[in-house]
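User: I'd like to understand how labels for aromatic rings are given. Could you take me through the reasoning?

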Amino acid sequence: MAHPKSYIEYWERPAMTPEGRRQGSVRCGAADTDYILGFGQNKIKAAQRPGETDDETDTRLLHEWQRCMIKQGYRYTGKCSEISRASPACGAP
(Lines give C-alpha, C1' and ligand atoms only; values in the text may rest on other atoms or scores of the structure.)
Protein backbone atom coordinates (compact mmCIF):
# COMPACT_ATOMS: atom_id res chain seq x y z
CA MET A 1 0.00 0.00 0.00
CA ALA A 2 1.42 3.38 -0.99
CA HIS A 3 1.74 6.00 1.69
CA PRO A 4 -0.46 9.08 1.35
CA LYS A 5 1.26 12.16 -0.01
CA SER A 6 2.61 14.58 2.53
CA TYR A 7 1.84 18.29 2.18
CA ILE A 8 5.18 19.11 0.59
CA GLU A 9 4.67 16.45 -2.08
CA TYR A 10 1.75 18.47 -3.47
CA TRP A 11 4.18 21.22 -4.53
CA GLU A 12 5.32 20.55 -8.08
CA ARG A 13 7.16 22.23 -10.91
CA PRO A 14 8.55 21.05 -14.25
CA ALA A 15 11.69 18.89 -14.03
CA MET A 16 11.44 18.85 -10.25
CA THR A 17 13.08 16.14 -8.19
CA PRO A 18 12.21 15.28 -4.59
CA GLU A 19 15.69 16.47 -3.52
CA GLY A 20 15.28 19.75 -5.40
CA ARG A 21 11.88 20.30 -3.82
CA ARG A 22 13.30 19.63 -0.36
CA GLN A 23 16.12 22.11 -0.98
CA GLY A 24 13.63 24.70 -2.24
CA SER A 25 11.51 24.19 0.84
CA VAL A 26 14.53 24.66 3.11
CA ARG A 27 15.49 27.85 1.22
CA CYS A 28 11.99 29.08 2.02
CA GLY A 29 12.48 28.47 5.73
CA ALA A 30 11.00 25.02 6.40
CA ALA A 31 12.61 22.12 8.22
CA ASP A 32 15.07 19.99 6.24
CA THR A 33 12.74 17.06 5.54
CA ASP A 34 10.98 15.42 2.61
CA TYR A 35 7.81 14.52 4.45
CA ILE A 36 6.56 17.31 6.67
CA LEU A 37 6.44 21.04 6.54
CA GLY A 38 7.39 22.38 9.91
CA PHE A 39 8.97 25.42 11.40
CA GLY A 40 9.53 24.15 14.94
CA GLN A 41 8.69 25.87 18.17
CA ASN A 42 12.05 27.70 18.35
CA LYS A 43 11.56 29.26 14.90
CA ILE A 44 7.96 30.19 15.73
CA LYS A 45 9.00 31.90 18.97
CA ALA A 46 11.87 33.73 17.21
CA ALA A 47 9.55 35.00 14.45
CA GLN A 48 6.64 35.89 16.72
CA ARG A 49 5.44 39.48 16.56
CA PRO A 50 4.11 41.32 19.64
CA GLY A 51 0.56 40.21 20.40
CA GLU A 52 0.70 37.29 17.95
CA THR A 53 -0.21 33.78 19.13
CA ASP A 54 1.87 30.73 18.22
CA ASP A 55 -0.86 29.65 15.78
CA GLU A 56 -0.93 33.08 14.12
CA THR A 57 2.85 33.06 13.75
CA ASP A 58 2.77 29.53 12.34
CA THR A 59 0.11 30.55 9.79
CA ARG A 60 2.09 33.66 8.80
CA LEU A 61 5.26 31.58 8.36
CA LEU A 62 3.30 29.05 6.28
CA HIS A 63 1.98 31.79 3.99
CA GLU A 64 5.49 33.27 3.64
CA TRP A 65 6.78 29.78 2.79
CA GLN A 66 4.03 29.31 0.19
CA ARG A 67 4.83 32.66 -1.47
CA CYS A 68 8.50 31.71 -1.55
CA MET A 69 7.75 28.34 -3.17
CA ILE A 70 5.52 30.04 -5.76
CA LYS A 71 8.34 32.50 -6.56
CA GLN A 72 10.60 29.49 -7.18
CA GLY A 73 8.14 28.22 -9.78
CA TYR A 74 6.30 25.65 -7.68
CA ARG A 75 2.55 25.14 -7.94
CA TYR A 76 0.33 23.61 -5.27
CA THR A 77 -1.58 20.63 -6.69
CA GLY A 78 -3.53 19.63 -3.58
CA LYS A 79 -7.14 20.40 -2.79
CA CYS A 80 -8.16 23.78 -1.43
CA SER A 81 -10.71 23.73 1.38
CA GLU A 82 -12.71 26.68 2.63
CA ILE A 83 -10.00 27.35 5.21
CA SER A 84 -7.05 26.99 2.84
CA ARG A 85 -8.59 29.25 0.17
CA ALA A 86 -7.22 32.17 2.22
CA SER A 87 -3.68 30.92 1.61
CA PRO A 88 -1.30 31.88 -1.21
CA ALA A 89 -1.18 28.23 -2.34
CA CYS A 90 -4.87 28.49 -3.20
CA GLY A 91 -4.73 31.87 -4.89
CA ALA A 92 -4.84 34.39 -2.04
CA PRO A 93 -2.25 37.21 -2.16
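Analyst: Happy to; what follows is about the aromatic pairs and the burial of their residues. This is a predicted model, where local features need pLDDT of at least 70, side-chain atom pairs count only at pLDDT 80 or more, and totals for chains, interfaces and linings use all residues. Residues are numbered from 1 along each chain as its sequence is written, and side-chain values use heavy atoms, with hydrogens and water left out.

User: Why is the pair of Trp11 and Tyr76 called tilted?

Analyst: Rings of Phe, Tyr and Trp (its six-membered ring) pair if their centres lie within 6.5 Å; planes under 30 degrees apart are stacked, over 60 edge-to-face, and the rest tilted. The ring centres of Trp11 and Tyr76 are 5.5 Å apart with planes at 45°, so this pair is tilted.

User: What makes Trp11 and Tyr76 a tie between parts apart in sequence?

Analyst: Trp11 belongs to strand E1 and Tyr76 to strand E2, so their pair ties together parts 65 residues apart in sequence. Strands here are DSSP runs of at least two residues, numbered from the N terminus.

User: How do you know whether Trp11 is buried or exposed?

Analyst: Buried means under 20% relative accessible area, exposed over 50%, and partly exposed in between (1.4 Å probe, protein chains only). Trp11 has 0% relative accessibility, so it counts as buried. Tyr76, at 17%, is buried too, while Tyr7, at 27%, is partly exposed.

Key
Helix = DSSP H or I, 4+ residues; strand = E, 2+ residues; numbered from the N terminus.
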